[in-house]
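Visitor: Before we talk labels, please put the model up. I want to ask how each term is earned.

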Amino acid sequence: MKRVIFNQKGGVGKTSISCNLAAISASKGFKTLVIDLDIQGNSSEYLLGEQYRTLEDNAADFFKQKLSLFGKAKEAGDFIYQTEFENLFVMPSNPELAVIERELESRHKIYKLRDALNKLESEYEHIYIDTPPALNFYSRSALIAADTLVIPFDCDSFSKVALIGLLETVEEIREDHNPELGLDGIVVNQFQTQAKLPQQLIAEMIEEGLPVFDQYLSSSVKMKESRSQQTPLIYLAPSHKLTQQLCALHDSLGELMEARRAKSA
Ligand SMILES: Nc1ncnc2c1ncn2[C@@H]1O[C@H](COP(=O)(O)OP(=O)(O)O)[C@@H](O)[C@H]1O
Ligand SMILES: [Mg+2]
């Protein structure tokens, strides 16, 4: 199962949600891969520590070799590293992704990630793609490569406008490149129970027929702790409220995946 976590807005929880869902998959015994396509490398740092910066064969190298005509091509698996957590693997980011983006774009390499992931899928049962806060070559590659999309949402009224734009983009990508792309749903992150606006926004979205997960993710300092200690919540604080909400979200995604499989069988 290849899942992309995307919202062109920064700071909504893409990295926190993708890495924590991946860690939960891994802790349940699934061989799991996180692909970090954001030049900021936050997922790579969260799961591999600072040392990710020194890794030679990273996501940028994966794309770079798609530009060269000569030399023995490496397999996508050569750009993947094992984390210290069992079953959890990462294809790390690198700032060089920014340098090669234009050339990848102009030479029409948009399907390369999809081709690679289709091969890796036989080895990794769960693949999560963390994306940059922009609709660029990498996020589009991810939307083309993925089976389903999870959209983190931070309950602010500007975000709602952006969300409508995002759903239009997804529709376009579906039509032009990936008819099978499913929308798992919208994950409300950093939900504040006391505030009126978030509740109102969510009610509107549900009324408009948007698929909003019932598991809202609370705002908790544990997330920041987990990020700074480079330990996913399922290992740092397994019984914490936020961890349990993420586990419930993981279960819902699993049910959606089963339903999808049953439908296509
Ligand atoms: N549920 C949460 N509770 C508290 N802090 C959170 C939560 N989700 C994300 N954050 C914090 O918000 C910031 C942005 O989250 P991040 O996952 O990096 O977003 P994105 O990848 O979309 O830019 C990070 O500092 C992270 O620690
Ligand atoms: Mg991020």
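Guide: Start with the word "near": a residue is near a molecule if one of its heavy atoms lies within 4 Å of it. This is a predicted model. Around ligand 1 there are 16 residues, and Gly11, Lys14, Thr15, Ser16 and Ser218 come nearest.

Visitor: By class, what makes up the shell around ligand 1?

Guide: The shell has three nonpolar, ten polar and three charged residues. Gly counts as polar in this scheme. Helices α1 (14-27) and α9 each supply at least two residues of the shell.

Visitor: What makes the approach of Gly11 to ligand 1 a polar contact?

Guide: The cut-off is 3.5 Å between N or O atoms. An oxygen atom of ligand 1 is 2.7 Å from a polar backbone atom of Gly11. That pair therefore qualifies as a polar contact. Ser218 offers a backbone N or O atom 2.8 Å from a nitrogen atom of ligand 1. The side chain of Gln190 has an N or O atom 3.3 Å from a nitrogen atom of ligand 1. The protein covers 86% of the 550 Å² of accessible area that ligand 1 has on its own.

Visitor: Why is the pair of Phe63 and Tyr138 called edge-to-face?

Guide: Two tests apply: centres within 6.5 Å, and planes over 60 degrees apart. Phe63 and Tyr138 are 5.2 Å apart centre to centre, with 65° between the planes. Both tests are met, so the pair is edge-to-face. Phe63 sits in helix α3 (residues 59-65) and Tyr138 in helix α6 (residues 137-145), so the pair links distant parts of the chain, 75 residues apart. Phe63 and Tyr138 are both buried.

Visitor: Which residues do ring pairs link into a cluster?

Guide: The cluster holds Phe62, Phe63, Phe79, Phe137 and Tyr138. The whole structure has eight aromatic pairs.

Visitor: How do you know that the charged end of Lys31 sits over the ring of Phe89?

Guide: The charge must be within 6 Å of the ring centre and within 35 degrees of the ring normal. The charged end of Lys31 is 5.1 Å from the centre of the Phe89 ring, so the distance test is passed. Arg227 lies over the face of Tyr46, 5.5 Å from the ring centre.

Visitor: What happens at the start of helix α9?

Guide: A side-chain oxygen of Ser220 reaches to within 2.9 Å of the backbone nitrogen of Lys222. The limit is 3.5 Å, so the distance fits a polar contact. Just after α9, Gln230 takes a positive phi of about 50°.

Terms used. Residues are numbered from 1 along each chain as its sequence is written. Chains are lettered from A and ligands numbered from 1 in the order in which they are written. This is a predicted model: local features need pLDDT of at least 70, side-chain atom pairs count only at pLDDT 80 or more; totals for chains, interfaces and linings use all residues. Side-chain values use heavy atoms; hydrogens and water are left out. Rings of Phe, Tyr and Trp (its six-membered ring) pair if their centres lie within 6.5 Å; planes under 30 degrees apart count as stacked, over 60 as edge-to-face and the rest as tilted. Helices (H or I, at least four residues) and strands (E, at least two) are DSSP runs, numbered from the N terminus. Buried means under 20% relative accessible area, exposed over 50%, partly exposed in between (1.4 Å probe, protein chains only). A polar contact is a pair of N or O atoms within 3.5 Å; within protein, one must be able to donate a hydrogen and the other to accept it, and residues adjacent in sequence count only if both atoms are side-chain atoms. Accessible areas come from the Shrake-Rupley method with a 1.4 Å probe; for residues, only the protein chains shown count as cover.
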